[in-house]
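Subject: Structure handover

Hello,

Here is the structure I said I would pass on. My notes on what was found in it follow below.

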Amino acid sequence: MKDFKRDNLLLSLCGLNCGLCPMHLGGYCPGCGGGEGNQACKIAKCSMSRDKVEYCYECGDYPCEKYEGIDEFDSFITHRNMRKDLLKAKEVGVDCYVAEQEEKVRLLRFLLENYNDGRRKNLFCVAVNLLELPDIKAIVERAEALAQSERFTLKEKAACIVQLLREHADGQGIELKLIKKPSKK
């Protein structure tokens, strides 16, 4: 959308963590308000008409009808924590929240460079998005120790960390897959 620009390209206006999105990581989308990409967004249009609020929680009408069912289905990135993440950013401050997101992006890049056997990008993006930072760090540390002691191949390293991520997520009641909207018949 013309003239829709934002400084923070890691956390979108609506609460998506753009820095953890496979489209952003692959260079296909610059993030919310970063230029070309998903610029036809109804929430971005709303922001333009409301003095360009930087985050929806700054609007007196938040949460509005645009948020009804917004977290039921995912796109390229999980939508499940949008409201929770916006609330966290509001409570701890955007700078603190973004610092945590930058650390998550660093860990995600580490996983993609060292544990991706070519089939794990979406899983890693979802896991890093939905799991808490201290938990991700602990899982990576455990996987690193196992991989070094056992001299794992890349395929074995990938299987190991996927198992650790899934076990932790299962214990938290979190499903590590994108929830797609059912297709209309």
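In these notes, buried means under 20% relative accessible area, exposed means over 50%, and partly exposed is in between, with a 1.4 Å probe and protein chains only. By that scale arginine 151 is exposed, because its relative accessible area is 74%.

Some background before the rest. This is a predicted model, in which local features need pLDDT of at least 70 and side-chain atom pairs count only at pLDDT 80 or more, while totals for chains, interfaces and linings use all residues. Residues are numbered from 1 along each chain as its sequence is written, and side-chain values use heavy atoms, with hydrogens and water left out.

Backbone points

Most residues other than glycine have a negative phi, and most peptide bonds are trans. Arginine 151 is not a glycine, yet has a positive phi of about 55°. Arginine 151 sits in the loop between H6 and H7; helices (H or I, at least four residues) and strands (E, at least two) are DSSP runs, numbered from the N terminus. The bond from tyrosine 62 to proline 63 is a cis peptide bond, with omega near -10°. Proline 63 belongs to the loop between H2 and H3.

Aspartate 61 lies in that loop too, between helix H2 (42–49) and helix H3 (82–92). Aspartate 61 counts as partly exposed because its relative accessibility is 41%. Its C-alpha atom is separated by 31 Å from that of cysteine 125, and the two residues are 64 residues apart along the chain.

Helices H6 and H7

Two packed helices are described by the angle between their axes and the distance between the axes. For helix H6 (residues 133–150) and helix H7 (residues 154–172), the axes come within 10 Å and cross at roughly 145°. Axes here are lines fitted to C-alpha atoms, for helices over the stretch in contact, and angles run from 0 to 180 degrees between N-to-C directions. The H6 and H7 crossing is right-handed; a crossing is right-handed if the near helix is turned clockwise from the far one by less than a right angle, and left-handed if anticlockwise.

Which residues of H6 meet H7? They are Asp135, Ile139, Val140, Arg142, Ala143, Leu146 and Ala147, and on the H7 side are Lys157, Cys160, Ile161, Leu164, Leu165 and His168. Contact means heavy atoms within 4.5 Å. The residues of this contact divide into nine nonpolar, one polar and three charged. Ala, Val, Leu, Ile, Met, Phe, Trp, Tyr, Cys and Pro count as nonpolar, Asp, Glu, Lys and Arg as charged, and the others, Gly among them, as polar.

Helix H5

Eight of the 10 residues of H5 are buried, so this helix is largely enclosed by the rest of the structure. The buried residues are Leu123, Phe124, Cys125, Val126, Ala127, Val128, Asn129 and Leu130. Their cover includes helix H1 (22–25), H3, H4, H6 and H7.

Valine 128 in H5 has a relative accessible area of 1% and is therefore buried. Not counting residues up to four places away in sequence, valine 128 touches Leu20, Lys104, Leu108, Leu111 and Ile136. Valine 128 and glutamine 101 are 27 residues apart in sequence and 9.6 Å apart in space, C-alpha to C-alpha.

Two other buried residues

Isoleucine 43 is in helix H2 and counts as buried because its relative accessible area is 5%. Leaving aside neighbours within four places in sequence, isoleucine 43 is in contact with Leu13, Cys14, Cys56, Lys66, Tyr67 and Ile70. The C-alpha atoms of isoleucine 43 and lysine 66 are separated by 7.2 Å, with their positions 23 residues apart along the chain counted as the spacing.

Leucine 16 is in the segment before H1 and counts as buried because its relative accessibility is 14%. Not counting residues up to four places away in sequence, leucine 16 touches Leu10, Leu11, Ile77, Thr78, His79 and Met82.

Regards
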